[in-house]
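Got your viewer open? Load the model below and keep the selection box handy, and we'll go round it stop by stop.

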Amino acid sequence: MLQDSDTIRISDVSEAVVHGILEVISDGIWDWHANTGFVYRNTGWYRMLGYKPHTLDNTVFTWESLIHPDDLAAVMAKFDLCLSDSVHEYRAEYRCRTRDGSYLWIEDCGRIIERNPDGSVARMIGAHRDIHASKLLLAQLERRNHSLEQQVAERTAELVRLNEALQQKAEENRQLAETDALTGAASRYRLERVIKLECERSRRFKYAFSVIAMDVDDFKQINDNHGHSAGDQTLVKIVALVRTHIREIDLIARWGGDEFMVVLPNTGLADGRLVADKLRELIVRSRVCEQLDITLSFGLAEYQPDEPMSQLMVRVDRALYQAKLAGKNQICE
């Protein structure tokens, strides 16, 4: 009979041993360390989605990027209920993108195993389980309940054709709504959606992010002296130049007229200033307008915890205004 001193506790087992055990489990296991942002995923998780083991970034961004866009809001709503301790465990069914681009239905379950002294999450573990076959079978049975198999096949083919046409049209409409027609930068509509998402992500995962506002100095002189075509081409060249010098996860958007904004996820104020300074010097060195030397003024703001999005936009706009007052070709916070 074991004595109290002989009892084995999970805390007595090394992290390496725990992860070694998880590697031989076929289901997809994840282990989120919220204080550091590190997410461990076992071999079964990668195998289920068709990836080579441990080839993706160990962050929550990897998880978010694989969730089907139509399922993301519902998944995060359930996840937030667990983080706030409103429910005992997190559980959701949704589609995950596999390596070949198709989507796989999974069941995702998780529990918080450790909280910080302030009540926030310190560590959470969970598992992904492949339920794609059962989802497909259920869908097939539901279709057969409504009609004969041949009628279902014919109707399904027609629905697929119509759905593809609708998806194509929806994608065209989305592109029109989210892209600035002149410069190819993101539209103001998309910018506001992205900043709202970053605010939610910052509150949820405690990630910093910053926003840069940029405005062409003396832009009216280009239009007045050289024509609107020269002004338009200047804006197009600025967007193309900036896009090649920011990260793939960053977003450049046209806020209006000759004013642009750059959203920098997972970036604090100090790093944001480095980016703004790099872009400022880049514009100075580059010949984006054949007729004139062009400079930009920059406003910079880092999102503050629980700050309304509108307040963030006010702060970055004020910083840009201060840069203009300071003599232009400046960066102000």
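**Stop one: the hairpin**

Start by selecting Trp-32 and Val-39: Val-39, in β2, is the bridge partner of Trp-32. This is a predicted model, where local features need pLDDT of at least 70, side-chain atom pairs count only at pLDDT 80 or more, and totals for chains, interfaces and linings use all residues. Residues are numbered from 1 along each chain as its sequence is written, and side-chain values use heavy atoms, with hydrogens and water left out.

Now widen the selection to β1 (residues 28-33) and β2 (residues 38-41), an antiparallel pair joined by 4 bridges. (Strands here are DSSP runs of E with at least two residues, helices are runs of H or I with at least four, and both are numbered from the N terminus; two strands pair if DSSP finds at least two bridges between them.) The hairpin has 4 residues between its strands, and Gly-37 takes a positive phi near 85 degrees.

**Stop two: the sheet around the hairpin**

Add the partners on the other side. β1 is also joined to β5 (residues 121-130), by 6 bridges and again antiparallel; pick Gly-28 and you'll find its bridge partner, His-128, in β5. The whole open sheet has 5 strands in the order β2-β1-β5-β4-β3, with antiparallel pairing. At its edges are β2 and β3 (90-97), each pairing on one side only. On average, neighbouring strands of this sheet are turned by 25 degrees against each other, direction ignored.

Next show α4, which lies across β1, β3, β4 (103-115) and β5 and runs at about 155 degrees to β3. (Such angles run from 0 to 180 degrees between N-to-C directions, with axes fitted to C-alpha atoms, for helices over the stretch in contact; contact means heavy atoms within 4.5 Å.)

**Stop three: the cavity**

Which residues line the largest cavity? Select Trp-30, Trp-32, Val-39, Arg-41, Trp-45, Val-60, Trp-63, Phe-79, Asp-108, His-128 and Phe-205. You've met Trp-32 and Val-39 as bridge partners already. β1, β2 and α3 (60-66) each supply at least two residues of this lining. The volume is about 130 Å³, and the lining divides into 8 nonpolar, 1 polar and 2 charged residues. (Ala, Val, Leu, Ile, Met, Phe, Trp, Tyr, Cys and Pro count as nonpolar, Asp, Glu, Lys and Arg as charged, and the others, Gly among them, as polar.)

A cavity is a set of points on a 1 Å grid over the protein atoms alone where a 1.4 Å probe fits but cannot get out; a pocket is an open set with protein on both sides within 12 Å along at least five of seven lines, and lining residues have an atom within 4 Å of a point. Points are joined across faces, edges and corners, and a volume is the space filled by probe spheres set on them.

**Stop four: the pocket**

Select Pro-69, Leu-72, Arg-190, Leu-197 and Arg-201, which lie nearest the centre of the largest pocket among its 42 lining residues. Elements giving two or more residues are α3, α4 (69-83), α6 (149-178), α7 (188-205) and β8 (259-265). The largest share, 9 residues, comes from α7. This pocket has a volume of about 2000 Å³, and its lining divides into 17 nonpolar, 8 polar and 17 charged residues.

**Stop five: the mixed sheet**

Moving on, show the open sheet β7-β8-β6-β9-β10, whose 5 strands have mixed pairing. β7 (251-256) and β10 (331-332) each have a single partner strand, so one side of each is left without a neighbour in the sheet. Zoom in on β6 (residues 209-216) and β9 (residues 296-302), which run antiparallel and are joined by 7 bridges; Val-216 has Leu-296 as its bridge partner in β9. Then add α10 (residues 269-285), which packs on this sheet and touches β6, β8, β9 and β10.
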